[in-house]
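Visitor: I've got a new model open and I'd like to learn how to read it. Could you walk me through it?

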Amino acid sequence: MAGFEGKTLEVDLTHHKISKGTLDKDILRKYIGASGLGAKLMFDRVDPHVDPLSPKNPFFLLTGPLSGNSLPGGSRFVTCGKSPLTNVFGEANCGGDFASEFRMAGWDELIFTGASDKPVYLLIQDDKVELKDATDLWGKGNFEVHHLLKERHGGRKPKVVAIGQGGEKMVKYAAVCNGEKDFAARCGLGALMGSKKLKAIVAVGTGKIPLAEPEKFAERRKIAIQKSKENIITMVLGMSGTVAAVEVSVATGDIPGSNWRIVGNPAAGKIGGAVVNSAAFLGGTESCHGCVVGCKRVMDIKEGPFKGFKGPGPEYEGVGALGSNLMMEDMGAVIKMNEMCNDYGLDVISCGGTLAWAMECFEKGILKAKDLDGIELKWGDADAAMKLITKIAKREGIGDLLAEGSKRAAAKVGLGSSDFTVEVKGMEVPMHDPRTMHGLAVSYATGARGACHTSDPMYTVGTGVYAFPEFGLTGALAAQVKISKGWGPAAKGAQDYGSVYNAGVLCYMVTGSINAEDLVDLFVTSSGFNYTFPELAECGERIWHMKRGINNLMGMTVKDDRLPVRMLTMPTEGGAAGSVPDMKLMLEEFYPIRGLAPDGRPTQETLARLGLNDLAAKLYK
Ligand code: SF4
């Protein structure tokens, strides 16, 4: 099949049986790939009421037509499944080096069903696929497993996806890890792997990734490389990494402190991009497979208590969630906490969000040291936070409660502590504040997987460094970031675009250097489908509504399109002082243009227009 391997692998972990299948061309065209295919698979194969950690909840690993193609931002694969954290549609995508190897081995998608009675890993060597005993790997961290499996199966060539102890223990926000620096971290899909006793997946591929029009794709790739070298966002990412946003976010009021009570935490400057990129901390930079951006920081700490540490550096989200929001001011400690999460296989955003909630509980006397295994959980105390990260990953003592995420933990603890969980649909909010950019409010509140800054480009549009007029995302929007009017319609275009690039899969970070012509050409020359821009945009709409409809079938209603109380509390100081999103206005603007009925379901008319009659039949039976 031009543009795709056209092949799927299905692994029945209960019976240790592997079967090979083929992809349907018509479905591929309509859903593009990766998270689009994931949505279609979820709809077709997952009982909406299934317990996410039961063997009946499948785990999907999927690629798209751009995955692994040595394109800026083209390194990515997607994981999907009913989320153990949110109990609805879950997806998380990941850069690194796995997608290319998996596709070179000749596969587009992996489906795991059932659950093994003993730890296993899947070894894919081109067409030869087998389940191997992972008893010796169970209990080990992600880093060690990664190195052991590479060594065992040939050194540099094999590429590994694995879980750490967090996934084994089914921490509700456990990550799927590709090596030491790349993570499909959100939604707790690492716990889904753990529930199946699936420790890892190893791919070795000797083939070539099929491209529908290799020469034309190569030309387009050259243009994409040039643009990513000239674009202001990708240039800054290459020079300073995502942590470059810390200092900007202090000024704008975007980066939180003290569990989102401080907007634009001034102390975050002490753990910002300037420090990470200083000679005392920076050891080098790296890129995902085939990407020229080089946004990853490699640490080599040369001073302070963590002197001698060498390893992956934190992203902006790690600095925000484990550093600024917990009032940490020691860069070395934040880097170490970030590394611990990476090795245990925990999502830094949800882990940090849960710790911030616990610290506020301690401050208010809701949780005392005796409840926290003797730990005095004070703001800015890195030792205390590190002890808890280990307890969470191993579900030891108080870690068992915190492993459930802030929403479930607060429901259990009570005493008003649900008032200061900062989550949407159960998923802790990323480190960008909708009070600073009102567009994020509608994006967070209505996102399929809960609050997310990469499901759509609302954040980059709000910063004013990015526009995509064909999706209704104009440069003028940046001038009204603290005015709620107008962001509802913009969210529709942003979500459609996000659904396209997450199905492609294209890294969120390079979307700023892509215009409509690039987008169409990349998809046409890779996939072989003669997409036009309107058709691609309609695919985005279809995918968005499929995810929305799945969530409705899983029990989500209009009541779940909400923001946490804290994000609707007006700040009196900082870059967002006096600013709070008008959710009522924004949702009133958003619903009709998004094609949603007042009860939150896609309207029958919308579903018919997008060819989602099977979804309509279930939603309106
Ligand atoms: S921009 Fe950064 S995260 Fe995205 S693919 Fe390139 S190196 Fe990876």
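Here is a short chat about domains, helix packing and the ligand shell.

Guide: Sure. Keep in mind that this is a predicted model.

Visitor: Let's start big. Into which domains is the protein divided?

Guide: Domain 1 covers 7-204, domain 2 covers 244-427, and domain 3 is made of 437-562 + 582-619.

Visitor: How far apart are the centres of domain 1 and domain 2?

Guide: Over C-alpha atoms, the centres of domain 1 and domain 2 are 26 Å apart. For the contact itself, count residues on each side: 39 from domain 1 meet 28 from domain 2.

Visitor: Which elements give two or more residues to the side of domain 1 that touches domain 2?

Guide: Those are α4 (142-152), α5 (165-168) and β11 (182-184). The biggest giver is α5, with 3 residues. By class, this side of domain 1 has 14 nonpolar, 18 polar and 7 charged residues.

Visitor: Now helix pairs. At what angle do α19 and α22 pack?

Guide: For a helix pair, look at the angle, the axis distance and the handedness. Helix α19 (residues 487-504) packs on helix α22 (residues 583-594) at about 40 degrees, and their axes are 7 Å apart. Because of that angle, α19 is oblique to α22. As for the hand, α19 passes α22 in a right-handed crossing.

Visitor: Which residues of α19 and α22 make the contact?

Guide: From α19 you have Trp487, Gly488, Pro489, Ala491 and Lys492, and from α22 Met586, Leu587, Glu589, Phe590, Ile593 and Arg594. Sorted by class, the contact of α19 with α22 has 7 nonpolar, 1 polar and 3 charged residues.

Visitor: Is the crossing of α2 and α21 left-handed or right-handed?

Guide: Left-handed. The axes of α2 (residues 34-45) and α21 (residues 533-553) come within 9 Å, crossing at roughly 40 degrees. On the α2 side, the contact uses Gly36, Ala39, Lys40, Met42 and Phe43, while α21 brings Cys539, Ile543, Met546, Lys547 and Ile550. That contact of α2 with α21 splits into 7 nonpolar, 1 polar and 2 charged residues.

Visitor: Last stop, the ligand. How many residues surround the ligand, and which are the closest?

Guide: With a ligand, list the shell, then sort it by class. Here 13 residues surround the ligand, and the closest are Cys288, Cys291, Val293, Cys295 and Cys507. In the shell around the ligand, 8 residues are nonpolar, 4 are polar and 1 is charged.

Key. Residues are numbered from 1 along each chain as its sequence is written. This is a predicted model: local features need pLDDT of at least 70, side-chain atom pairs count only at pLDDT 80 or more; totals for chains, interfaces and linings use all residues. Axes are lines fitted to C-alpha atoms, for helices over the stretch in contact, and angles run from 0 to 180 degrees between N-to-C directions. Helices (H or I, at least four residues) and strands (E, at least two) are DSSP runs, numbered from the N terminus. Angles under 35 degrees count as roughly parallel, over 145 as roughly antiparallel, 65 to 115 as roughly perpendicular and the rest as oblique. A crossing is left-handed if the near helix is turned anticlockwise from the far one by less than a right angle, and right-handed if clockwise. Two residues are in contact if their C-beta atoms, placed from the backbone, lie within 7 Å. Ala, Val, Leu, Ile, Met, Phe, Trp, Tyr, Cys and Pro count as nonpolar, Asp, Glu, Lys and Arg as charged, and the others, Gly among them, as polar. A residue is near a molecule or strand if its C-beta atom, placed from the backbone, lies within 6 Å of it. Domain bounds come from an automatic or database domain assignment.
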